[in-house]
Amino acid sequence: MLKTPVIHPQIMEALGRSGHFAQVVIADGNLPVGAMTGPNSTTVHLNFKPGLLDAVTVLEGIVEVCPIQGATVMEKPADANSEIHESYKSILGDVTWEEMERWAFYDKIRDQATTLIIQTGEQRRFANLILTVGVVKMEEESGF
């Protein structure tokens, strides 16, 4: 029995083998994850029905158990709503943030550095998020 905020066995296993600079993808319900699988990635489907589980809930769980140093989202059209990006920034705090052109974003998901793709039931557009795993810092390294 796990006593952590995240208890999903596949997610915990994949995070456990994700070292520094590994990529973890939180996918919305529209991303064709079958076409995005890279050579080292595990896909976990949490999209039970539209809206469950949502991407923000999954992100909140991931940041509780895994250090994150960077985030990448897809560039959105000027008229599209991206309030979810603001939610991500609020949860992630001080990490590097990048927006990437659509097809380059998809290629980044397929990269060998991607170890985990979590498909959610998120329905908001442009909610896909690539997280870059950081390092667990020792107490004496807190100034880095």
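**View 1. Trp 103 and its aromatic company.** In this predicted model, Trp 103 counts as exposed because its relative accessibility is 55%. Tyr 106, by contrast, is buried, with a relative accessible area of 10%. Both residues sit in helix α4 (residues 102–110), three residues apart, or about one turn of the helix. The structure holds two aromatic pairs. For the pair made by Trp 103 and Tyr 106, the ring centres are 5.3 Å apart and the planes meet at 75°, so this one goes down as edge-to-face. Zoom out a little and Phe 105 joins in: ring pairs link Trp 103, Phe 105 and Tyr 106 into a cluster. There's a charged visitor too, since Arg 102 lies over the face of Trp 103, at 5.3 Å from the ring centre.

**View 2. The largest nonpolar core, with Ile 62 in the frame.** This core has 28 residues, and the members that touch the most others are Ile 11, Ile 62, Tyr 88 and Leu 131. At least two residues each come from α1 (9–16), β1 (23–27), α2 (55–65), β3 (68–74), α3 (83–92), β5 (114–119) and β6 (129–133). The top contributor is α2, with five residues. Leaving aside residues up to four places away in sequence, Ile 62 is in contact with Val 6, Ile 11, Leu 15, Ile 26, Ile 68, Ile 118 and Leu 131. A separate core of 14 residues lies apart from this one, and its members include Val 25, Val 33, Met 100 and Phe 105.

**View 3. The six-stranded sheet and two helices across it.** The sheet is open, its pairing is mixed, and the strand order reads β2-β5-β1-β6-β3-β4. At the edges you'll find β2 (42–45) and β4 (96–100), each pairing on one side only. On average, neighbouring strands are turned by 20° against each other, ignoring direction. As for the helices, α1 lies across β1, β2 and β5, and runs at about 155° to β5. Meanwhile, α2 lies across β1, β3, β5 and β6, at about 155° to β1.

**View 4. Strand pairing up close.** Strands β1 and β6 run antiparallel and are joined by four bridges. Pick out Ile 26 and you'll see its bridge partner in β6, Leu 129. The pairing of β2 with β5 is parallel, again over four bridges. Here Thr 43 has Ile 117 of β5 as its bridge partner. Side chains alternate along β2: Thr 42 and Val 44 point to one face and are buried, whereas Thr 43 and His 45 point to the other and are not.

**View 5. Backbone oddities in the loops.** A cis peptide bond joins Leu 52 and Leu 53, with omega at about -25°. Leu 53 belongs to the loop between β2 and α2. Next up is Phe 21, in the loop between α1 and β1. Its phi is near 80°, a positive value in a residue other than glycine. Phe 21 counts as exposed because its relative accessibility is 51%. In the loop between β5 and β6 sits Phe 126, which also isn't a glycine but has a positive phi of about 60°. Phe 126 has a relative accessibility of 13%, so this residue counts as buried.

Conventions:
Residues numbered from 1 in each chain as written. Predicted model: local features only at pLDDT ≥ 70, side-chain atom pairs only at ≥ 80, totals over all residues. Heavy atoms only, no water. Phe/Tyr/Trp six-rings, centres within 6.5 Å; stacked < 30°, edge-to-face > 60°. Buried < 20%, exposed > 50% of the residue type's maximum accessible area, 1.4 Å probe, protein only. Lys NZ or Arg CZ within 6 Å of the ring centre and 35° of its normal. Core = buried A, V, L, I, M, F, W, Y, C linked by side-chain atoms within 4.5 Å. Contact = heavy atoms within 4.5 Å. Pairing = 2+ DSSP bridges. Axes fitted to C-alpha atoms, helices over the stretch in contact; angles between N-to-C directions.
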